[in-house]
Amino acid sequence: MITDPIADYLTYIRNAQSAGHRVVEIPGSNVKKNITKILHEKGYIMSYKFIDDDKQGVIKIALKYNRETKAPAITSIQRASKPGLRKYAGSDELPRVLNGLGIAVLSTSKGVMSDKEARKENVGGEVLCYVY
């Protein structure tokens, strides 16, 4: 039984990068698909593909690495809000990750978006994860 699917999603990515894999397959959900789209838009992953073969579907993510140093594009990816302790932020108190170099992914009333988009829309919500 999975109690925190978003934390598992982040762990899949973290483990695949530490093992040096190019592609990782993750069980899908709508929130995970939205987080994947944000990671792609912000340049943290190379590409993605949604495969809807069964009820749940699969997300295939091509990870991004530096060509010279072979270092992963994602230095750190961590869960902010957990099932036991939810973290919410209002529109005026949205977190800044590494002074604006990283992103925070939020679940708002207008959908899942990055902290910069939430500032533009002037909405707050649940802080799902930090990426840099």
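This briefing describes helix 1 and the strands that pair beside it in a predicted model. Residues are numbered from 1 along each chain as its sequence is written, and side-chain values use heavy atoms, with hydrogens and water left out. Because the model is predicted, local features need pLDDT of at least 70 and side-chain atom pairs count only at pLDDT 80 or more, whereas totals for chains, interfaces and linings use all residues.

**Helix 1**
- Helix 1 (helices being DSSP runs of H or I of at least four residues, and strands runs of E of at least two, numbered from the N terminus) has 15 residues and reaches 21 Å from its first C-alpha to its last, close to the 21 Å expected at 1.5 Å a residue, where the expected span is 1.5 Å times one less than the number of residues.
- Its buried residues are I6, Y9, L10, I13, A16 and Q17, buried meaning under 20% relative accessible area with a 1.4 Å probe and protein chains only.
- They cover an arc of only 130° around the axis, taken from the directions from the helix axis to the C-beta atoms, which puts them on the same side of helix 1.
- Among the elements that cover these buried residues are strand 1 (23-27), helix 2 (30-41) and strand 8 (125-131).

**Residue Q17**
- Q17, which lies in helix 1, counts as buried at 8% relative accessibility.
- Beyond its neighbours within four places in sequence, Q17 is in contact (heavy atoms within 4.5 Å) with residues including L63, Y65 and I74.

**Strand pairing**
- Strand 3 pairs in the antiparallel sense with strand 1 over five bridges and with strand 2 (residues 45-51) over six bridges, pairing requiring at least two DSSP bridges.
- Strand 2 and strand 3 form a hairpin with six residues between them, and G57 in the turn has a positive phi of about 85°.

Notes:
Buried < 20%, exposed > 50% of the residue type's maximum accessible area, 1.4 Å probe, protein only.
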